[in-house]
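Reader: I should be grateful for a close look at one part of this model, namely the surroundings of the ligand. Please set out what lies there and how the ligand is held in contact with the protein.

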Amino acid sequence: MTTIGFIGAGHIGGTLAQLAITQGYDVVVSNSRGPETLTDLVDQLGDRARAGTSAEAAEAGDVVVVTIPTKNVKDVPVEPLAGKVVIDTNNYYPQRDGQIPALDDESTTVSELLQTHLPTSHVVKAFNHITSADLATQGAPAGTPDRRALAVAGDSDDARAAVAELIDELGFDTVDVGPLAEGWRYQRDTAAYVQRFDADGLRAALARAVRYRDM
Ligand SMILES: NC(=O)c1ccc[n+]([C@@H]2O[C@H](COP(=O)([O-])OP(=O)(O)OC[C@H]3O[C@@H](n4cnc5c(N)ncnc54)[C@H](OP(=O)(O)O)[C@@H]3O)[C@@H](O)[C@H]2O)c1
């Protein structure tokens, strides 16, 4: 795995791209307005970065990160992501995304929506429960006492393992939450959401998660 594609190059996409470059990855970043609007970011990221369309970022990535407002998930290109590991950082904020009935009635979850849109990709929910500022500053080498942990959920064991390895390289422990349907345990407003925990603390926070309908 050498290239990470980014669909979305804002707070989280830009921060993750920087961390990935620091670890020796190449990145292809994209947004909704076109590669010509990403010149400043690419200049900042340096030689390992280039900008493309979303389809080009999807095509180029060995792993691809989708990091956009949830309301725009329908725009994510499907065919170039076939068979790939796709990391979903997205959260649901109705004030930004509008009301999405299937999320309001909890008949699905944010990352399962992306998985439904990308039926042959291997979606892993990750990086949604850490702020971009903390992502930029809280990474630490493996073995550091009290190292911050991030959760991974996904329906493919291999994809979860690959993303856990990437997260370790980027400076964080992981807690494996299992299938994508369990991703609600670290969605917006849960105990694990944007709070700093090591692996034991995160496991405890995930265990006491409450669904929106029970809040
Ligand atoms: N900010 C955080 O600390 C944080 C933490 C964890 C998770 N999240 C979640 O992660 C996602 C991204 O958050 P963010 O804060 O990085 O957002 P952001 O700073 O607003 O950036 C969003 C990015 O998505 C791009 N985008 C929007 N619609 C698109 C489309 N249809 N196709 C391709 N690119 C598109 C935007 O491009 P244009 O500017 O060209 O439209 C922009 O580059 C959200 O779901 C958010 O809730 C955020």
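Author: In this predicted model, residues 3-92 form a span that is 29% helix and 23% strand, and the C-alpha atoms at its two ends lie 28 Å apart. UniProt, in an unreviewed entry, lists these residues, 3-92, under "domain: Pyrroline-5-carboxylate reductase catalytic N-terminal".

We may now turn to the ligand. The space that the ligand takes is the largest pocket. Around the ligand stand 24 residues, and the closest of them are His11, Ile12, Ser32, Arg33 and Ile68. Sorted by class, this shell comprises 14 polar, seven nonpolar and three charged residues.

Individual polar contacts add detail to this picture. Ile12, already named among the closest residues, has a polar backbone atom 2.8 Å from an oxygen atom of the ligand. At Asn72 the side chain takes part: one of its N or O atoms is 2.9 Å from a nitrogen atom of the ligand. At Asn91 the partner is again a polar backbone atom, which lies 3.2 Å from an oxygen atom of the ligand. As for the surface of the ligand, the protein buries 80% of the 900 Å² that the ligand exposes when taken alone.

Notes
Residues are numbered from 1 along each chain as its sequence is written. This is a predicted model: local features need pLDDT of at least 70, side-chain atom pairs count only at pLDDT 80 or more; totals for chains, interfaces and linings use all residues. Side-chain values use heavy atoms; hydrogens and water are left out. A residue is near a molecule or strand if one of its heavy atoms lies within 4 Å of it. A polar contact is a pair of N or O atoms within 3.5 Å; within protein, one must be able to donate a hydrogen and the other to accept it, and residues adjacent in sequence count only if both atoms are side-chain atoms. Accessible areas come from the Shrake-Rupley method with a 1.4 Å probe; for residues, only the protein chains shown count as cover. On a 1 Å grid over the protein atoms alone, a cavity is a set of points where a 1.4 Å probe fits but cannot get out, and a pocket is an open set with protein on both sides within 12 Å along at least five of seven lines; lining residues have an atom within 4 Å of a point. A molecule sits in a cavity or pocket if more than half of its atoms lie within 2 Å of its grid points. Ala, Val, Leu, Ile, Met, Phe, Trp, Tyr, Cys and Pro count as nonpolar, Asp, Glu, Lys and Arg as charged, and the others, Gly among them, as polar. UniProt positions are given in the numbering used here, feature names are shortened, and annotations may be inferred rather than shown by experiment. Helices (H or I, at least four residues) and strands (E, at least two) are DSSP runs, numbered from the N terminus.
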